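Here is a friendly briefing to read alongside the sequence and the 3D view. Take a look at the display, then follow the topics below.

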Amino acid sequence: MKILLSNDDGYQAPGLLALHDALKDLAEVEVVAPEHNNSAKSNALTLHSPLYVHDAANGVRYVNGTPADCVHIALTGVLGYRPDLVVSGINNGANMGDDTIYSGTVGAAMEGFLFGIPAIAFSQVEKGWAHLDAAARRARELVRQVLAQGLDPERPFLLNVNIPNRRLEELGPFEVCRLGRRHAAEKVIAQPSPHGTTMYWIGGAGLPKDGADGTDFHATAQGRVSITPLHVDLTDHRGMPDWAARVGRFTEAQ
Ligand code: MN
């Protein structure tokens with residue numbers, strides 16, 4: 001069994017190292033991770049500058065690119081084999097609701113899924129790595145169970161997992177749930193730059209807007225570990241008939 005492990009916080013992030021430690025007796029684990037923090041880089045690929053792979057002293061490899069770059073080049077040549085599972089994380093902070101669109105942690109896992117390989121993205125709900133050991137234990141447990149049930153190469157999956165920052169004994173069970181929604185992000189922060197111009201900082205993510213029972217926000221607020229199966233098809237299937245009718249009513253070009 002072979003696992004490719006990556007993340008978006010960078011190859012030195014405690015969450016990556018803890019997950020590496022937790023998984024390495026379950027499978028052969030190779031790490032290919034970004035050199036620097038690439039949070040919120042989503043599925044970005046680097047197309048206009050070269051990528052370099054370096055070996056770090058701790059046996060992991062790092063790349064001057066994005067999370068998706070790391071998984072992409074690992075799967076298309078760097079590894080030289082096809083891993084059975086792609087794992088990403090553990091991220092420093094939640095990837096729930098709309099976060100999943102921006103998340104580099106999810107982006108790394110999604111890159112594996114796009115290649116037809118089962119993939120799991122792990123995040124801790126709060127930043128700061130509190131109770132990281134417990135999160136790594138629960139991540140390990142999920143991977144162990146999934147491997148024990150067997151991977152069907154015809155049916156790859158993409159799981160988004162969020163783990164509350166709690167001691168192991170205080171962590172609730174796994175709960176399969178849908179993504180919630182956040183309010184629109186907070187206001188941009190404007191500051192004078194040293195050069196007399198204005199610089200802008202992207203504001204924080206919004207608070208939950210839909211954190212109802214059955215969402216990732218709700219499950220993790222209750223101390224449970226949320227598991228949301230994701231797919232990549234962004235088509236608004238319910239909107240298609242309406243749009244077909246509207247396009248049918250378009251008038252002749254003027
Ligand atoms: Mn991150």
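Asn91 has Ser123 as its bridge partner in β6. That bridge belongs to the pairing of β5 with β6, which is parallel and counts five bridges. Please keep in mind that this is a predicted model. From here the notes move through the strands, the metal site, a helix and a ring pair.

**Strand β6**

- β6 is largely enclosed by the rest of the structure, because six of its six residues are buried.
- Ala119, Ala121 and Ser123 point to one side of β6, while Ile120, Phe122 and Gln124 point the other way.
- In a regular strand, side chains alternate between the two faces of the sheet.
- On its way to β7, the neighbour taken up next, β6 pairs in the parallel sense over six bridges.

**Strand β7 and its partners**

- Two residue pairs show how β6 and β7 line up: Ala119 stands opposite Leu158, and Ile120 stands opposite Leu159.
- Between these two strands the chain passes through helix α5 (residues 132–149), and the resulting β-α-β crossover is left-handed.
- Is β7 enclosed or open? Six of the six residues of β7 are buried, so the strand is largely enclosed by the rest of the structure.
- Leu158, Asn160 and Asn162 point one way from β7, whereas Leu159, Val161 and Ile163 point the other way; all of them are buried.
- β7 also runs antiparallel to strand β13 (residues 225–229), and four bridges join the two.
- Within that pairing, Val161 stands opposite Ile227.

**The manganese ion**

- Which protein atoms are donors to the manganese ion? They come from Asp8 (OD), Asp9 (OD), Ser39 (OG) and Asn91 (OD1), at 2.1 to 2.3 Å from the ion.
- Along the chain, these donors follow the spacing D-D-x29-S-x51-N.
- Asp9 and Asn91 link distant parts of the chain: Asp9 sits in the loop between β1 and α1 (14–23), and Asn91 sits in strand β5, 82 residues apart.
- Both Asp9 and Asn91 are buried.
- Asn91 thus appears twice in this briefing, as a donor of the manganese ion and as the bridge partner of Ser123.

**Helix α4**

- Helix α4 (residues 104–114) is mostly covered, with ten of its eleven residues buried.
- Among the buried residues of α4 are Val106, Met110 and Phe113.
- The buried residues of α4 pack against β1 (2–6), α2 (67–78), β5 (85–92), α3 (99–102), β6 (119–124) and β7 (158–163).
- What caps the N-terminal end of α4? Ser103 does, with a side-chain oxygen 3.1 Å from the backbone nitrogen of Thr105.
- After α4 comes Gly116, which has a positive phi near 85°.

**The aromatic pair**

- The structure holds one aromatic pair.
- Tyr11 and Tyr62 form this pair, which is stacked, with 4.1 Å from centre to centre and 15° between the planes.
- The two tyrosines connect distant parts of the chain, 51 residues apart: Tyr11 lies in the loop between β1 and α1, and Tyr62 lies in strand β4 (residues 61–63).
- Why does Tyr11 count as buried? Tyr11 counts as buried because its relative accessibility is 12%, and the cut-off for buried is under 20%.
- Tyr62 is buried too, with a relative accessible area of 14%.

Terms used
Residues are numbered from 1 along each chain as its sequence is written. This is a predicted model: local features need pLDDT of at least 70, side-chain atom pairs count only at pLDDT 80 or more; totals for chains, interfaces and linings use all residues. Side-chain values use heavy atoms; hydrogens and water are left out. Buried means under 20% relative accessible area, exposed over 50%, partly exposed in between (1.4 Å probe, protein chains only). Contact means heavy atoms within 4.5 Å. A polar contact is a pair of N or O atoms within 3.5 Å; within protein, one must be able to donate a hydrogen and the other to accept it, and residues adjacent in sequence count only if both atoms are side-chain atoms. Donors are N, O and S atoms within 2.8 Å of the metal (3.2 Å for Na, K and Ca); water is not among the atoms, so sites may look incomplete. Two strands pair if DSSP finds at least two bridges between them. A crossover is right-handed if, with the strands pointing away from the viewer, the path from the first strand over the helix to the second runs clockwise. Rings of Phe, Tyr and Trp (its six-membered ring) pair if their centres lie within 6.5 Å; planes under 30 degrees apart count as stacked, over 60 as edge-to-face and the rest as tilted.
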